[in-house]
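Work through these exercises with the model open. Try each task before reading its solution.

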Amino acid sequence: MPITLYDAIVPTKLQILRSIRTLLDKAEAHCTEHGWNPEQVIGARLAPDMFDFAYQVKSCHTHSLMAIEKAQEGEFSPNLDEAPRSFEGLRALVDQAIAGLETLTPDAVNAIEGQPADFRFKSFHMPFTAENFLLSFSQPNFHFHASMTYAILRMLGVKIGKMDYLGGLRLRDLA
């Protein structure tokens with residue numbers, strides 16, 4: 001059976017978003033345990049010229065639910081909204097992405113194959129088909145920002161490991 005666009009995108013984004021949700025809880029617990037101001041995590045960055053933790057989490061929303069919605073509309077522009085500056089706000093954004101992805105049907109996602117889905121930012125334009133936008137632009141961006149979220153927490157000493165990033169794997173049923 002061939003894999004569909006829905007199969008290639010939605011289940012993995014849900015898997016990683018759920019792990020990001022758990023990472024947020026662990027980050028907040030780390031702050032509480034160590035008496036840190038939450039901004040020590042929310043504003044942390046791996047390098048001075050990189051975006052901070054909050055932006056990384058926000059971008060997981062941008063390149064999951066928002067990317068699919070914008071591909072369905074035919075045009076994606078970067079989300080320039082300020083990232084939430086609290087764990088509660090970041091969790092709400094991740095929860096919104098999870099809830100939205102859970103409502104998508106395979107038919108709705110697969111129906112956009114072959115449709116135009118252009119990236120536009122100011123005068124910059126990249127013409128894509130929906131599947132090429134989602135698979136070659138949005139999906140790599142999603143995984144980049146998710147891994148940066150994880151890496152920042154590791155750098156800060158939050159007790160997490162690779163399985164915290166991978167989350168709930170989709171194993172085959174042995175029954």
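**Exercise 1: Place Asn132**

At 42% relative accessibility, Asn132 counts as partly exposed, because buried means under 20% relative accessible area, exposed over 50%, and partly exposed in between (1.4 Å probe, protein chains only). The model is predicted: local features need pLDDT of at least 70, side-chain atom pairs count only at pLDDT 80 or more, and totals for chains, interfaces and linings use all residues. Residues are numbered from 1 along each chain as its sequence is written, and side-chain values use heavy atoms, with hydrogens and water left out.

Task: find the helix that holds Asn132, then its separation from His34 in sequence and in space.

Solution.
- Asn132 is found in helix H6. Helices (H or I, at least four residues) and strands (E, at least two) are DSSP runs, numbered from the N terminus.
- Asn132 and His34 lie 98 residues apart in sequence. From C-alpha to C-alpha, Asn132 and His34 are 44 Å apart in space.

**Exercise 2: Trace the strands**

Task: state how S1, S2 and S3 pair.

Solution.
- Two strands pair if DSSP finds at least two bridges between them.
- Strand S1 (residues 75–76) runs parallel to strand S2 (residues 118–121), joined by 2 bridges. Here Glu75 stands opposite Asp118.
- S2 pairs with strand S3 (residues 124–126) in the antiparallel sense, over 3 bridges. Arg120 has His125 as its bridge partner in S3.
- S2 and S3 form a hairpin with 2 residues between them. In the turn, Lys122 has a positive phi of about 55°.

**Exercise 3: Check helix H4**

Task: compare the expected span of H4 with the distance between its end C-alpha atoms.

Solution.
- The expected span is 1.5 Å times one less than the number of residues.
- Helix H4 (residues 87–103) has 17 residues, so it should span 24 Å. Its end C-alpha atoms are 24 Å apart, which agrees.
- Buried residues of H4 include Phe87, Leu90, Val94 and Leu101. The buried residues of H4 pack against helix H1 (5–34), helix H2 (39–42) and helix H3 (53–73), where contact means heavy atoms within 4.5 Å.

**Exercise 4: Read the largest pocket**

Task: which helix gives the most to the lining of the largest pocket?

Solution.
- H3 and helix H6 (130–155) each supply at least two lining residues.
- H3 gives the most, with 5 residues.
- Among the lining residues are Tyr55, His63, Phe119 and His145.

Notes
1 Å grid on protein atoms, 1.4 Å probe; cavity = no way out; pocket = protein on both sides within 12 Å on 5 of 7 lines; lining within 4 Å.
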